[in-house]
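Here are some friendly notes to read alongside the structure. Take them one point at a time, and find each residue on screen as you go.

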Amino acid sequence: MSNARDIRPRQDDASLLATSPSASFNSPSSHSSAFNRTVPVNAKPLKPFATEDIKVLLLENVNQTGREILSQQGYQVEFLKSSLPEDQLIEKIRDVHVIGIRSKTKLTARVLKEAKNLIVIGCFCIGTNQVDLQYAADQGIAVFNSPFSNSRSVAELVIGEMVMLARQLGDRSSEMHAGTWNKVSNGCWEIRGKTLGIIGYGHIGAQLSVLAEAMGMSVIYYDVLNIMSLGTARQVEALDDLLAEADFITCHVPELPETKGMIGQKQFEKMKKGSYLINASRGTVVDIPALIDAMRSGKVAGAALDVYPNEPAGNGDYFNNDLNSWGADLRSLKNLILTPHIGGSTEEAQKAIGVEVAQALVRYANEGSTLGAVNLPEVVLRSLTMDEPDHARVIYIHKNIPGVLRKVNEIIGDHNVDKQMTDSRGDVAYLMADISNVDAATIKELYTSLESLPSRIMTRVLY
Ligand SMILES: NC(=O)c1ccc[n+]([C@@H]2O[C@H](COP(=O)([O-])OP(=O)(O)OC[C@H]3O[C@@H](n4cnc5c(N)ncnc54)[C@H](O)[C@@H]3O)[C@@H](O)[C@H]2O)c1
(Lines give C-alpha, C1' and ligand atoms only; values in the text may rest on other atoms or scores of the structure.)
Protein backbone atom coordinates (compact mmCIF):
# COMPACT_ATOMS: atom_id res chain seq x y z
CA MET A 1 0.00 0.00 0.00
CA SER A 2 1.45 3.31 -0.92
CA ASN A 3 0.26 6.13 1.20
CA ALA A 4 -0.85 9.68 1.39
CA ARG A 5 0.13 12.08 -1.33
CA ASP A 6 -0.14 15.74 -1.45
CA ILE A 7 1.80 18.42 -2.62
CA ARG A 8 1.75 22.02 -1.79
CA PRO A 9 0.71 23.70 -5.03
CA ARG A 10 3.27 25.62 -7.04
CA GLN A 11 2.82 29.31 -6.55
CA ASP A 12 2.11 29.76 -10.24
CA ASP A 13 -0.52 27.05 -10.56
CA ALA A 14 -2.36 27.26 -7.27
CA SER A 15 -5.62 27.39 -9.13
CA LEU A 16 -5.12 23.93 -10.56
CA LEU A 17 -6.76 21.02 -8.88
CA ALA A 18 -5.06 17.70 -9.23
CA THR A 19 -6.20 14.93 -11.42
CA SER A 20 -5.09 11.49 -10.29
CA PRO A 21 -1.37 11.16 -10.02
CA SER A 22 0.45 8.87 -12.38
CA ALA A 23 -0.07 5.14 -12.01
CA SER A 24 3.50 4.57 -10.97
CA PHE A 25 3.13 7.23 -8.32
CA ASN A 26 0.29 5.36 -6.72
CA SER A 27 1.48 1.84 -7.38
CA PRO A 28 2.03 -0.45 -4.40
CA SER A 29 5.52 -0.12 -3.06
CA SER A 30 7.74 -2.83 -1.69
CA HIS A 31 9.97 -0.87 0.58
CA SER A 32 11.42 -2.16 3.80
CA SER A 33 9.38 -3.67 6.56
CA ALA A 34 10.81 -1.00 8.84
CA PHE A 35 9.06 1.60 6.73
CA ASN A 36 5.83 -0.37 6.43
CA ARG A 37 5.49 -0.38 10.17
CA THR A 38 5.10 3.40 10.10
CA VAL A 39 1.96 3.37 7.95
CA PRO A 40 -1.31 1.62 8.75
CA VAL A 41 -2.15 -1.22 6.37
CA ASN A 42 -5.29 0.45 5.11
CA ALA A 43 -3.91 3.99 4.99
CA LYS A 44 -5.65 5.99 2.31
CA PRO A 45 -3.46 6.96 -0.62
CA LEU A 46 -3.94 10.72 -0.81
CA LYS A 47 -3.50 12.63 -4.05
CA PRO A 48 -1.46 15.70 -4.74
CA PHE A 49 -3.26 18.96 -4.81
CA ALA A 50 -1.26 20.07 -7.80
CA THR A 51 -0.60 17.99 -10.89
CA GLU A 52 3.11 17.59 -10.38
CA ASP A 53 4.75 14.75 -8.54
CA ILE A 54 6.96 15.30 -5.55
CA LYS A 55 10.48 16.27 -6.56
CA VAL A 56 13.27 15.30 -4.21
CA LEU A 57 16.88 16.48 -4.35
CA LEU A 58 19.37 14.42 -2.35
CA LEU A 59 22.87 15.83 -1.91
CA GLU A 60 26.08 14.67 -0.24
CA ASN A 61 25.77 10.97 -0.97
CA VAL A 62 22.81 10.34 1.31
CA ASN A 63 22.76 6.67 2.34
CA GLN A 64 21.15 4.23 -0.08
CA THR A 65 18.55 3.15 2.51
CA GLY A 66 17.11 6.68 2.48
CA ARG A 67 17.26 6.94 -1.31
CA GLU A 68 15.36 3.69 -1.70
CA ILE A 69 12.56 4.66 0.67
CA LEU A 70 12.00 7.91 -1.20
CA SER A 71 12.27 6.37 -4.69
CA GLN A 72 9.87 3.58 -3.78
CA GLN A 73 7.28 6.19 -2.95
CA GLY A 74 7.29 7.12 -6.62
CA TYR A 75 8.83 10.52 -5.96
CA GLN A 76 11.17 11.96 -8.59
CA VAL A 77 14.49 11.61 -6.79
CA GLU A 78 17.63 13.33 -8.03
CA PHE A 79 20.72 12.10 -6.25
CA LEU A 80 24.09 13.85 -6.17
CA LYS A 81 27.22 12.57 -4.44
CA SER A 82 28.52 15.96 -3.36
CA SER A 83 27.13 19.19 -1.99
CA LEU A 84 26.66 22.12 -4.39
CA PRO A 85 28.14 25.60 -4.51
CA GLU A 86 25.57 28.19 -3.47
CA ASP A 87 24.69 29.45 -6.96
CA GLN A 88 24.05 25.90 -8.24
CA LEU A 89 22.15 25.04 -5.08
CA ILE A 90 19.87 28.03 -5.60
CA GLU A 91 19.18 26.93 -9.18
CA LYS A 92 18.28 23.40 -8.10
CA ILE A 93 16.34 24.20 -4.96
CA ARG A 94 13.87 26.43 -6.86
CA ASP A 95 12.16 23.39 -8.27
CA VAL A 96 12.07 20.81 -5.48
CA HIS A 97 9.58 19.99 -2.74
CA VAL A 98 11.93 17.95 -0.59
CA ILE A 99 15.68 18.32 -0.07
CA GLY A 100 17.97 15.90 1.74
CA ILE A 101 21.40 17.06 2.88
CA ARG A 102 24.17 16.16 5.30
CA SER A 103 26.42 18.57 7.16
CA LYS A 104 28.21 20.35 4.28
CA THR A 105 25.24 21.93 2.50
CA LYS A 106 24.40 25.28 4.01
CA LEU A 107 20.71 26.08 3.74
CA THR A 108 20.88 29.76 4.60
CA ALA A 109 18.02 32.25 4.42
CA ARG A 110 19.46 33.42 1.10
CA VAL A 111 19.19 29.91 -0.37
CA LEU A 112 15.82 29.09 1.19
CA LYS A 113 14.34 32.33 -0.11
CA GLU A 114 14.61 30.87 -3.61
CA ALA A 115 12.99 27.56 -2.64
CA LYS A 116 9.49 28.42 -3.77
CA ASN A 117 8.09 24.86 -3.64
CA LEU A 118 10.05 23.46 -0.71
CA ILE A 119 7.97 21.90 2.05
CA VAL A 120 10.54 19.89 3.98
CA ILE A 121 14.28 19.51 4.63
CA GLY A 122 15.86 16.24 5.75
CA CYS A 123 19.24 16.49 7.49
CA PHE A 124 20.64 12.98 7.08
CA CYS A 125 22.90 13.51 10.08
CA ILE A 126 22.72 14.42 13.77
CA GLY A 127 23.19 18.20 13.72
CA THR A 128 21.04 20.88 12.09
CA ASN A 129 23.37 23.89 12.45
CA GLN A 130 23.79 23.99 8.67
CA VAL A 131 20.15 25.05 8.23
CA ASP A 132 18.64 28.41 9.15
CA LEU A 133 15.95 26.73 11.25
CA GLN A 134 14.07 29.88 12.17
CA TYR A 135 13.90 31.14 8.61
CA ALA A 136 12.71 27.70 7.48
CA ALA A 137 10.01 27.68 10.18
CA ASP A 138 8.91 31.18 9.20
CA GLN A 139 8.40 29.87 5.64
CA GLY A 140 6.52 26.79 6.91
CA ILE A 141 9.34 24.45 5.87
CA ALA A 142 9.75 21.54 8.29
CA VAL A 143 13.24 20.26 9.18
CA PHE A 144 13.98 16.71 10.34
CA ASN A 145 17.19 15.03 11.49
CA SER A 146 18.23 11.80 13.15
CA PRO A 147 19.59 12.47 16.62
CA PHE A 148 19.62 8.93 18.03
CA SER A 149 20.41 6.55 15.18
CA ASN A 150 24.01 6.10 16.28
CA SER A 151 23.43 5.35 19.98
CA ARG A 152 24.47 1.73 19.65
CA SER A 153 27.67 2.66 17.81
CA VAL A 154 28.72 4.97 20.64
CA ALA A 155 27.84 2.38 23.30
CA GLU A 156 29.95 -0.28 21.55
CA LEU A 157 32.88 2.12 21.25
CA VAL A 158 32.78 2.75 25.00
CA ILE A 159 32.76 -1.00 25.76
CA GLY A 160 35.81 -1.42 23.52
CA GLU A 161 37.57 1.51 25.15
CA MET A 162 37.02 0.16 28.65
CA VAL A 163 38.80 -3.07 27.71
CA MET A 164 41.54 -1.13 25.95
CA LEU A 165 42.14 1.15 28.92
CA ALA A 166 42.05 -1.65 31.48
CA ARG A 167 44.69 -3.53 29.46
CA GLN A 168 46.69 -0.47 28.33
CA LEU A 169 46.24 -1.65 24.77
CA GLY A 170 46.82 1.74 23.16
CA ASP A 171 50.28 1.98 24.72
CA ARG A 172 51.23 -1.64 23.99
CA SER A 173 50.18 -1.21 20.38
CA SER A 174 52.13 2.06 19.95
CA GLU A 175 55.20 0.41 21.48
CA MET A 176 54.97 -2.53 19.10
CA HIS A 177 54.58 -0.14 16.15
CA ALA A 178 57.81 1.47 17.35
CA GLY A 179 59.50 -1.96 17.51
CA THR A 180 59.36 -2.35 21.33
CA TRP A 181 58.28 -5.63 22.99
CA ASN A 182 56.94 -4.70 26.46
CA LYS A 183 55.03 -7.58 28.03
CA VAL A 184 53.43 -6.38 31.30
CA SER A 185 50.57 -7.45 33.55
CA ASN A 186 51.08 -4.91 36.31
CA GLY A 187 48.12 -2.48 36.42
CA CYS A 188 46.21 -4.47 33.76
CA TRP A 189 42.75 -5.70 34.63
CA GLU A 190 39.67 -7.51 33.42
CA ILE A 191 36.53 -5.36 33.34
CA ARG A 192 34.44 -8.22 34.77
CA GLY A 193 33.40 -7.47 38.34
CA LYS A 194 34.22 -3.76 38.06
CA THR A 195 31.71 -0.93 38.51
CA LEU A 196 30.74 1.26 35.60
CA GLY A 197 29.34 4.70 36.43
CA ILE A 198 27.25 6.18 33.62
CA ILE A 199 26.55 9.92 33.75
CA GLY A 200 23.41 10.52 31.66
CA TYR A 201 21.17 7.47 31.26
CA GLY A 202 19.59 8.40 27.93
CA HIS A 203 19.74 6.66 24.56
CA ILE A 204 23.45 5.89 24.73
CA GLY A 205 23.79 5.47 28.49
CA ALA A 206 20.97 2.92 28.62
CA GLN A 207 22.37 0.85 25.69
CA LEU A 208 25.75 0.85 27.36
CA SER A 209 24.23 -0.27 30.64
CA VAL A 210 22.92 -3.48 29.05
CA LEU A 211 26.16 -4.23 27.21
CA ALA A 212 28.30 -3.61 30.30
CA GLU A 213 26.22 -5.96 32.45
CA ALA A 214 26.64 -8.65 29.80
CA MET A 215 30.40 -8.20 30.26
CA GLY A 216 30.00 -8.90 33.99
CA MET A 217 30.17 -5.31 35.22
CA SER A 218 28.02 -3.70 37.92
CA VAL A 219 26.34 -0.58 36.61
CA ILE A 220 25.40 2.56 38.49
CA TYR A 221 24.16 5.75 36.86
CA TYR A 222 23.44 9.37 37.60
CA ASP A 223 20.83 11.37 35.71
CA VAL A 224 18.88 14.54 36.46
CA LEU A 225 15.73 12.58 35.64
CA ASN A 226 14.44 9.66 37.63
CA ILE A 227 14.87 6.90 35.04
CA MET A 228 13.90 3.26 35.41
CA SER A 229 17.00 1.08 35.35
CA LEU A 230 17.65 -1.70 32.87
CA GLY A 231 18.80 -5.07 34.17
CA THR A 232 20.29 -4.71 37.63
CA ALA A 233 21.68 -1.22 37.10
CA ARG A 234 21.11 1.19 39.96
CA GLN A 235 20.48 4.94 39.87
CA VAL A 236 22.44 6.96 42.42
CA GLU A 237 21.19 10.19 43.90
CA ALA A 238 24.19 12.41 43.42
CA LEU A 239 27.07 12.66 41.00
CA ASP A 240 29.47 12.46 43.95
CA ASP A 241 28.06 9.03 44.87
CA LEU A 242 28.86 7.77 41.39
CA LEU A 243 32.36 9.29 41.39
CA ALA A 244 33.17 7.65 44.72
CA GLU A 245 31.97 4.19 43.73
CA ALA A 246 32.78 3.67 40.04
CA ASP A 247 35.93 2.12 38.57
CA PHE A 248 35.04 3.35 35.08
CA ILE A 249 33.20 6.66 34.58
CA THR A 250 31.64 7.55 31.26
CA CYS A 251 29.81 10.74 30.27
CA HIS A 252 26.66 10.68 28.10
CA VAL A 253 25.01 14.01 28.83
CA PRO A 254 24.02 16.72 26.33
CA GLU A 255 25.90 19.98 25.99
CA LEU A 256 24.13 22.38 28.33
CA PRO A 257 25.25 25.23 30.58
CA GLU A 258 24.83 22.79 33.52
CA THR A 259 27.03 20.11 31.93
CA LYS A 260 29.88 22.47 31.01
CA GLY A 261 32.95 21.43 33.00
CA MET A 262 30.80 18.89 34.85
CA ILE A 263 33.92 16.78 35.37
CA GLY A 264 36.64 19.08 36.69
CA GLN A 265 39.22 19.21 39.45
CA LYS A 266 36.70 18.74 42.30
CA GLN A 267 35.16 15.72 40.63
CA PHE A 268 38.56 14.12 39.92
CA GLU A 269 39.38 14.50 43.62
CA LYS A 270 36.27 12.48 44.47
CA MET A 271 37.09 9.61 42.13
CA LYS A 272 38.77 6.41 43.25
CA LYS A 273 42.52 6.26 42.72
CA GLY A 274 43.24 4.34 39.56
CA SER A 275 39.83 4.89 37.99
CA TYR A 276 39.22 5.49 34.29
CA LEU A 277 37.32 8.27 32.50
CA ILE A 278 35.64 8.16 29.10
CA ASN A 279 34.02 11.09 27.34
CA ALA A 280 32.21 10.52 24.05
CA SER A 281 29.47 13.07 24.74
CA ARG A 282 30.48 16.68 24.12
CA GLY A 283 33.88 18.30 24.44
CA THR A 284 32.86 20.88 27.01
CA VAL A 285 31.72 18.31 29.58
CA VAL A 286 35.24 17.44 30.81
CA ASP A 287 37.73 20.08 31.95
CA ILE A 288 40.73 18.78 30.03
CA PRO A 289 43.53 20.61 31.91
CA ALA A 290 42.07 19.11 35.12
CA LEU A 291 42.11 15.67 33.45
CA ILE A 292 45.75 16.17 32.47
CA ASP A 293 46.62 16.92 36.12
CA ALA A 294 44.58 13.92 37.36
CA MET A 295 46.37 11.59 34.96
CA ARG A 296 49.81 12.96 35.77
CA SER A 297 49.15 12.46 39.49
CA GLY A 298 48.02 8.86 38.92
CA LYS A 299 44.51 9.52 40.21
CA VAL A 300 43.15 8.59 36.82
CA ALA A 301 44.76 5.46 35.37
CA GLY A 302 43.53 5.97 31.85
CA ALA A 303 41.10 7.96 29.75
CA ALA A 304 39.46 7.97 26.35
CA LEU A 305 38.30 11.15 24.67
CA ASP A 306 36.28 11.26 21.46
CA VAL A 307 35.14 14.89 21.71
CA TYR A 308 36.90 18.19 22.38
CA PRO A 309 35.96 21.80 23.13
CA ASN A 310 37.31 22.83 19.72
CA GLU A 311 37.19 20.39 16.82
CA PRO A 312 38.49 21.04 13.30
CA ALA A 313 35.99 21.35 10.45
CA GLY A 314 37.82 18.84 8.23
CA ASN A 315 40.38 16.04 8.35
CA GLY A 316 44.08 16.94 8.52
CA ASP A 317 46.90 17.65 10.97
CA TYR A 318 44.87 20.14 12.99
CA PHE A 319 44.92 18.55 16.45
CA ASN A 320 47.55 20.89 17.86
CA ASN A 321 47.94 23.75 20.32
CA ASP A 322 46.40 26.23 17.88
CA LEU A 323 43.15 24.30 18.16
CA ASN A 324 43.26 23.71 21.94
CA SER A 325 46.01 25.28 24.04
CA TRP A 326 46.65 22.06 26.02
CA GLY A 327 46.93 19.86 22.88
CA ALA A 328 50.59 18.86 23.29
CA ASP A 329 50.25 18.13 27.04
CA LEU A 330 47.28 15.90 26.34
CA ARG A 331 48.98 14.00 23.56
CA SER A 332 52.00 13.27 25.77
CA LEU A 333 49.99 11.24 28.30
CA LYS A 334 50.17 7.45 28.62
CA ASN A 335 47.12 5.21 28.48
CA LEU A 336 45.04 7.88 26.83
CA ILE A 337 42.93 7.00 23.79
CA LEU A 338 42.23 9.96 21.53
CA THR A 339 39.72 9.57 18.70
CA PRO A 340 38.38 12.20 16.27
CA HIS A 341 34.66 12.29 17.19
CA ILE A 342 33.96 8.90 15.64
CA GLY A 343 31.65 7.55 18.35
CA GLY A 344 28.66 7.45 16.02
CA SER A 345 30.56 6.96 12.76
CA THR A 346 29.62 3.49 11.52
CA GLU A 347 28.01 2.08 8.40
CA GLU A 348 25.10 0.87 10.54
CA ALA A 349 24.50 4.33 11.95
CA GLN A 350 24.56 5.84 8.44
CA LYS A 351 21.99 3.29 7.30
CA ALA A 352 19.79 3.91 10.31
CA ILE A 353 20.00 7.67 9.69
CA GLY A 354 18.97 7.07 6.07
CA VAL A 355 15.89 5.12 7.15
CA GLU A 356 14.85 7.42 9.96
CA VAL A 357 15.12 10.68 8.02
CA ALA A 358 13.58 9.30 4.82
CA GLN A 359 10.63 7.95 6.81
CA ALA A 360 10.13 11.32 8.48
CA LEU A 361 10.17 13.01 5.05
CA VAL A 362 7.62 10.57 3.67
CA ARG A 363 5.35 10.94 6.69
CA TYR A 364 5.53 14.69 6.38
CA ALA A 365 5.02 14.81 2.62
CA ASN A 366 2.25 12.23 2.62
CA GLU A 367 0.47 12.78 5.91
CA GLY A 368 1.64 16.13 7.27
CA SER A 369 2.99 14.60 10.49
CA THR A 370 5.62 16.83 12.12
CA LEU A 371 6.63 14.27 14.76
CA GLY A 372 10.37 14.74 15.30
CA ALA A 373 10.58 18.09 13.46
CA VAL A 374 13.25 20.33 14.97
CA ASN A 375 11.73 23.68 14.01
CA LEU A 376 7.94 23.24 13.95
CA PRO A 377 5.51 22.13 16.66
CA GLU A 378 4.95 18.37 16.69
CA VAL A 379 1.47 17.57 15.37
CA VAL A 380 0.18 14.14 14.38
CA LEU A 381 -3.23 12.82 13.40
CA ARG A 382 -3.88 9.13 12.78
CA SER A 383 -3.83 8.25 9.07
CA LEU A 384 -6.91 8.58 6.92
CA THR A 385 -8.01 5.12 5.89
CA MET A 386 -9.57 3.50 2.84
CA ASP A 387 -12.87 3.49 4.74
CA GLU A 388 -12.92 7.29 4.54
CA PRO A 389 -13.19 7.98 0.79
CA ASP A 390 -14.44 11.56 0.86
CA HIS A 391 -12.10 12.95 3.45
CA ALA A 392 -9.51 15.66 3.07
CA ARG A 393 -6.70 16.60 5.39
CA VAL A 394 -6.13 20.33 5.73
CA ILE A 395 -2.78 21.58 6.97
CA TYR A 396 -2.55 25.25 7.78
CA ILE A 397 0.81 26.58 8.91
CA HIS A 398 0.32 30.07 10.20
CA LYS A 399 1.69 32.95 12.21
CA ASN A 400 1.04 32.46 15.89
CA ILE A 401 -1.14 35.53 16.43
CA PRO A 402 -4.44 35.94 18.29
CA GLY A 403 -7.69 35.15 16.52
CA VAL A 404 -6.38 32.81 13.81
CA LEU A 405 -8.24 29.72 15.02
CA ARG A 406 -11.54 31.59 14.95
CA LYS A 407 -10.92 32.61 11.32
CA VAL A 408 -9.83 29.10 10.32
CA ASN A 409 -12.84 27.56 11.99
CA GLU A 410 -15.09 29.99 10.17
CA ILE A 411 -13.74 28.45 6.97
CA ILE A 412 -13.66 24.78 7.87
CA GLY A 413 -16.40 24.92 10.53
CA ASP A 414 -19.28 24.45 8.08
CA HIS A 415 -17.91 21.02 7.26
CA ASN A 416 -17.74 17.94 9.37
CA VAL A 417 -14.35 18.19 11.09
CA ASP A 418 -13.59 14.63 12.24
CA LYS A 419 -10.42 15.47 14.06
CA GLN A 420 -8.26 18.51 14.47
CA MET A 421 -5.05 19.35 16.26
CA THR A 422 -3.04 22.51 16.57
CA ASP A 423 0.13 23.48 18.36
CA SER A 424 2.54 26.37 18.28
CA ARG A 425 6.26 26.86 18.65
CA GLY A 426 7.47 30.42 18.94
CA ASP A 427 5.98 32.53 16.17
CA VAL A 428 4.71 29.62 14.10
CA ALA A 429 1.65 27.42 14.62
CA TYR A 430 0.64 24.22 12.84
CA LEU A 431 -2.95 23.15 12.42
CA MET A 432 -4.07 19.84 10.97
CA ALA A 433 -7.73 18.87 10.48
CA ASP A 434 -9.47 15.93 8.81
CA ILE A 435 -12.74 16.89 7.15
CA SER A 436 -15.31 14.43 5.84
CA ASN A 437 -17.80 14.53 2.97
CA VAL A 438 -15.92 16.96 0.80
CA ASP A 439 -15.80 16.96 -3.00
CA ALA A 440 -13.11 18.40 -5.27
CA ALA A 441 -14.80 21.79 -5.60
CA THR A 442 -15.06 22.17 -1.82
CA ILE A 443 -11.44 21.21 -1.35
CA LYS A 444 -10.40 23.90 -3.77
CA GLU A 445 -12.61 26.44 -2.04
CA LEU A 446 -11.17 25.55 1.38
CA TYR A 447 -7.67 25.89 0.04
CA THR A 448 -8.31 29.26 -1.57
CA SER A 449 -10.03 30.65 1.54
CA LEU A 450 -7.23 29.57 3.87
CA GLU A 451 -4.59 30.96 1.50
CA SER A 452 -6.27 34.35 1.59
CA LEU A 453 -5.98 34.74 5.39
CA PRO A 454 -3.30 37.25 6.45
CA SER A 455 -1.95 34.78 9.03
CA ARG A 456 -1.08 32.23 6.33
CA ILE A 457 2.43 30.84 6.03
CA MET A 458 1.60 27.72 4.02
CA THR A 459 -1.55 25.75 3.25
CA ARG A 460 -1.55 22.13 2.13
CA VAL A 461 -4.55 19.99 1.37
CA LEU A 462 -4.17 16.21 1.20
CA TYR A 463 -7.10 14.25 -0.10
N1 LIG B 1 30.76 10.85 20.06
C2 LIG B 1 29.81 10.83 19.18
O3 LIG B 1 30.02 10.62 17.99
C4 LIG B 1 28.40 11.03 19.64
C5 LIG B 1 27.35 10.41 18.93
C6 LIG B 1 26.04 10.56 19.41
C7 LIG B 1 25.80 11.36 20.53
N8 LIG B 1 26.82 11.97 21.16
C9 LIG B 1 26.58 12.79 22.35
O10 LIG B 1 26.29 11.93 23.44
C11 LIG B 1 25.51 12.61 24.41
C12 LIG B 1 24.36 11.72 24.87
O13 LIG B 1 23.56 11.37 23.76
P14 LIG B 1 22.18 10.59 23.96
O15 LIG B 1 21.68 10.31 22.60
O16 LIG B 1 22.33 9.47 24.92
O17 LIG B 1 21.32 11.75 24.63
P18 LIG B 1 19.95 11.60 25.41
O19 LIG B 1 19.29 12.92 25.32
O20 LIG B 1 19.21 10.40 24.99
O21 LIG B 1 20.42 11.35 26.93
C22 LIG B 1 21.04 12.33 27.71
C23 LIG B 1 20.73 12.05 29.17
O24 LIG B 1 21.46 12.98 29.97
C25 LIG B 1 20.62 13.39 31.03
N26 LIG B 1 21.11 14.67 31.55
C27 LIG B 1 20.91 15.92 31.06
N28 LIG B 1 21.53 16.82 31.83
C29 LIG B 1 22.12 16.15 32.83
C30 LIG B 1 22.91 16.53 33.94
N31 LIG B 1 23.22 17.81 34.17
N32 LIG B 1 23.33 15.57 34.77
C33 LIG B 1 23.03 14.27 34.55
N34 LIG B 1 22.29 13.83 33.51
C35 LIG B 1 21.85 14.77 32.66
C36 LIG B 1 19.26 13.48 30.41
O37 LIG B 1 18.24 13.46 31.38
C38 LIG B 1 19.26 12.24 29.52
O39 LIG B 1 18.76 11.12 30.20
C40 LIG B 1 25.08 13.91 23.74
O41 LIG B 1 25.93 14.93 24.19
C42 LIG B 1 25.36 13.69 22.28
O43 LIG B 1 25.67 14.89 21.61
C44 LIG B 1 28.11 11.82 20.75
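1. Let's start with the inside. In this predicted model, the largest nonpolar core has 72 residues, and Val143 and Leu361 have the most contacts inside it. Helix α14, residues 347–367, supplies the largest share of this core, with 11 residues. There is also a second, separate core of 51 residues, which includes Val158, Met162, Ile278 and Ala304.

2. Now zoom in on Val143. Which residues is valine 143 in contact with, leaving aside its neighbours within four places in sequence? On one list are Ile121, Cys123, Thr128, Val131, Leu133, Ala136, Ala373, Val374 and Asn375.

3. One of those partners, Val131, deserves a stop of its own. You will find valine 131 in the loop between β4 (120–123) and α6 (133–138). Is valine 131 buried or exposed? Valine 131 counts as buried because 24 other C-beta atoms lie within 10 Å, and the cut-off for being buried is 20 or more.

4. Stay with Val131 and look at what surrounds it. Not counting residues up to four places away in sequence, Val131 touches Leu107, Ile121, Cys123, Ala136 and Val143. Try locating threonine 105 as well: valine 131 and threonine 105 are 26 residues apart in sequence, with 8.3 Å in space from C-alpha to C-alpha.

5. Next comes the sheet. Seven strands form an open sheet in the order β8-β7-β6-β9-β10-β11-β12, with parallel pairing. At the edges are β8 (234–235) and β12 (336–338), each of which pairs on one side only. Strands of a sheet pair through backbone hydrogen bonds, and they can do so in a parallel or an antiparallel way.

6. For a single pair to trace by eye, take strand β9 (residues 248–251) and strand β10 (residues 275–279), which pair in the parallel sense over four bridges. Isoleucine 249 has leucine 277 in β10 as its bridge partner. Helix α9 packs on the sheet, where α9 touches β6 (195–199), β7 (218–222) and β9. The direction of α9 makes about 165 degrees with that of β7.

7. Finally, the ligand. There are 30 residues around the ligand, and Gly200, Gly202, Ile204, Gly343 and Gly344 come nearest. The elements giving two or more residues to this shell are α7 (151–166) and α9 (203–214). Of the elements, α9 gives the most, with three residues. Sorted by class, the shell holds 13 nonpolar, 12 polar and five charged residues. So α9 appears twice in these notes: α9 packs on the sheet, and α9 gives residues to the shell around the ligand.

Notes
Residues are numbered from 1 along each chain as its sequence is written. This is a predicted model: local features need pLDDT of at least 70, side-chain atom pairs count only at pLDDT 80 or more; totals for chains, interfaces and linings use all residues. A residue is near a molecule or strand if its C-beta atom, placed from the backbone, lies within 6 Å of it. Ala, Val, Leu, Ile, Met, Phe, Trp, Tyr, Cys and Pro count as nonpolar, Asp, Glu, Lys and Arg as charged, and the others, Gly among them, as polar. A nonpolar core is a set of buried Ala, Val, Leu, Ile, Met, Phe, Trp, Tyr and Cys residues joined through C-beta atoms within 7 Å. A residue is buried if 20 or more other C-beta atoms lie within 10 Å of its own, exposed if 12 or fewer, and partly exposed in between; C-beta atoms are placed from the backbone. Two residues are in contact if their C-beta atoms, placed from the backbone, lie within 7 Å. Two strands pair if DSSP finds at least two bridges between them. Axes are lines fitted to C-alpha atoms, for helices over the stretch in contact, and angles run from 0 to 180 degrees between N-to-C directions.
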